[in-house]
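Open the model in a viewer and keep the selection panel at hand. The stops below can be taken in order.

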Amino acid sequence: MTGLSEGTFVASPYPASGLRTGERIGLPAFPASWYRVAASSDVPPGGLKRLRWFGQELVCWRPESGGQPRVFDAYCAHMGAHLGHGGFVEGDCVVCPFHHWKYDGDGKNVEVPYRDKPQRGARQQAWRVLEQNGMILVWFDPEGAEPGWLPPVVPESEDRDFVTVVGEESWTIRTHVQEILENAVDVPHFQFVHGVAGFGAVELVEDGPMFRATASVTMQTGRGPVDGGVETELWGMGLSHVRLVGVGPARDLFTVTPVDDETLLAQHTFFVPNDGDGGPSRYGRSFMGEFSKQIVEDIPIWETKRYRPRPKLASGENAVLDFRRWASQFYPAADE
C-alpha cells in the first residue's frame with residue numbers, strides 16, 4: 001500500500017528495461033527534502049492511515065480534537081505490532097492494537113493500561129510534519145539532519161477565484177525523483193515528446209532550495225499558436241510548482257515521493273480558475289488534462305533511460321548541468 005486514497009493509482013504499462021532502477025540511475029535513492037505523504041482530507045480528526053514511503057512502514061494520524069497530523073514509524077516500540085493494522089486514535093494519543101499502549105503526539109509512551117505508570121523508554125519515532133496546500137508533507141534526510149527551509153504556500157490555494165482539484169490519477173513509476181524534475185530544464189523534449197509547436201531558451205533562477213526554470217515555448221491554443229513559457233519552480237526534490245506563462249492563470253503542484261529504492265509516486269494537485277459554481281473553468285479543465293497527458297507521455301522514457309553523469313550535451317543545453325549542480329545539495333556529501 002503506497003499512501004494516498006484519493007484518485008486512481010496507475011501502475012506502469014511499460015515493460016521493465018531489464019535493469020533495476022538503482023542500476024540504471026546510480027543516484028542515492030532518497031535525497032533530503034520535504035515530500036508529500038498524504039492529502040489532508042485522508043486523515044480527518046481521529047483518523048489513522050497506514051503509509052509506505054522511503055522503503056519504510058509509517059502511520060499518519062490526527063488527534064480527535066483536530067490540529068496538526070502526526071507521522072510515526074509504524075511498529076510499536078513495545079513488541080513491534082503494526083499501528084496501521086488495528087491501531088486507533090483516542091483523544092490526543094494513538095493506541096497500539098496489541099496491548100493498547102498509548103503514545104502522545106511526540107511519540108512518547110504515556111500509558112500502559114495494565115500498569116500504574118508508562119514505560120518511559122518506549123518511544124515512537126515522530127517525523128517532522130508540515131501541512132499546507134491541502135497536503136501532509138514530511139521531512140526526510142538520509143543523515144537525520146533537521147530541515148533548514150520550508151516550502152511556500154501556493155497563493156492560489158487561498159484565493160477564492162481558484163478551486164483546488166486533486167488529480168484523478170497517480171502514477172507509480174520506476175525511476176528516481178531527480179530524473180523527473182530534470183525535465184524542467186530539458187526544453188527540446190517539450191517539442192519532441194509533448195508536441196509543442198516550438199521552443200527557445202530557458203532562464204534560470206536559484207535561491208538555496210528553490211530552483212526556477214522558465215522555458216520559452218510556442219503553444220497551440222484555441223486561438224492558434226501562442227508564444228509563452230513553462231515556468232517550473234522546484235522546492236527541494238519533492239515539490240514542483242508549474243504554471244504556463246502567456247496563456248492563462250492556473251498552477252500545478254506536482255509532487256514526487258519515493259515509495260522505495262525502485263519506485264516513486266507522482267501526483268498532481270491543480271489550482272485552477274473557478275467556474276463560478278465551485279468547479280474548474282473550461283480553461284482549468286484543459287490545463288489539467290494537458291498536464292496529466294504529458295506525464296503519460298514521459299513515463300516510458302523515464303522507466304527505460306539510463307542516467308548519464310557526464311552527458312554529451314548540444315550547445316545551449318548547459319541548464320541540465322546547472323540543475324544537477326543545484327540538486328547535489330540534497331545528497332550526502334561525498335567522502336573525502
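Start by selecting α4, residues 282–302. In this predicted model, α4 contributes three residues to the lining of the second largest pocket, the most of any element. Add α5, residues 319–327, to the selection: α4 and α5 are the elements that each give two or more residues to this lining.

Now show the pocket itself. Its space comes to about 280 Å³. To centre the view, pick Glu182, Asn183, Asp186, Ile301 and Lys305, which of the 17 lining residues lie closest to the pocket centre. Colouring the lining by residue class gives eight charged, seven nonpolar and two polar residues. As a general point, empty space of this kind shows up when a probe the size of a water molecule is rolled over the atoms.

Next, hide the pocket and select residues 33–39, which make up β2, together with 129–132, which make up β10. Add residues 135–140 for β11. These three strands form an open sheet with antiparallel pairing, in the order β2-β11-β10. β2 and β10 are the edge strands, each paired on one side only. Looking along the sheet, expect neighbouring strands to be turned by 30° against each other on average, with direction ignored.

Stay on the β2 side and display the backbone. In general, strands of a sheet pair through backbone hydrogen bonds, in parallel or antiparallel fashion. Here β2 and β11 run antiparallel and are joined over six bridges. For one of these contacts, select Arg36 and look across to Leu137 in β11, its bridge partner. Is β2 mostly covered or mostly open? Switch on the surface to check: seven of its seven residues are buried, so the strand counts as mostly covered by the cut-off of under 20% relative accessible area.

For the last stop, select the cysteines Cys76 and Cys96. How many disulfides does the structure hold? The number is zero. The sulfur of Cys76 has its closest cysteine sulfur in Cys96, at 3.8 Å, and this is too far for a bond because a disulfide needs the two sulfur atoms within 2.5 Å. From the other side, the nearest cysteine sulfur to Cys96 is that of Cys76, and Cys96 is in no disulfide.

With the surface still on, look for the two residues. Cys76 has 6% relative accessibility and therefore counts as buried. Cys96 is also classed as buried, because its relative accessibility is 2%.

Note on methods:
Residues numbered from 1 in each chain as written. Predicted model: local features only at pLDDT ≥ 70, side-chain atom pairs only at ≥ 80, totals over all residues. Heavy atoms only, no water. Pairing = 2+ DSSP bridges. Helix = DSSP H or I, 4+ residues; strand = E, 2+ residues; numbered from the N terminus. Axes fitted to C-alpha atoms, helices over the stretch in contact; angles between N-to-C directions. Buried < 20%, exposed > 50% of the residue type's maximum accessible area, 1.4 Å probe, protein only. 1 Å grid on protein atoms, 1.4 Å probe; cavity = no way out; pocket = protein on both sides within 12 Å on 5 of 7 lines; lining within 4 Å. Points joined across faces, edges and corners; volume = space filled by probe spheres on them. Nonpolar A, V, L, I, M, F, W, Y, C, P; charged D, E, K, R; others polar.
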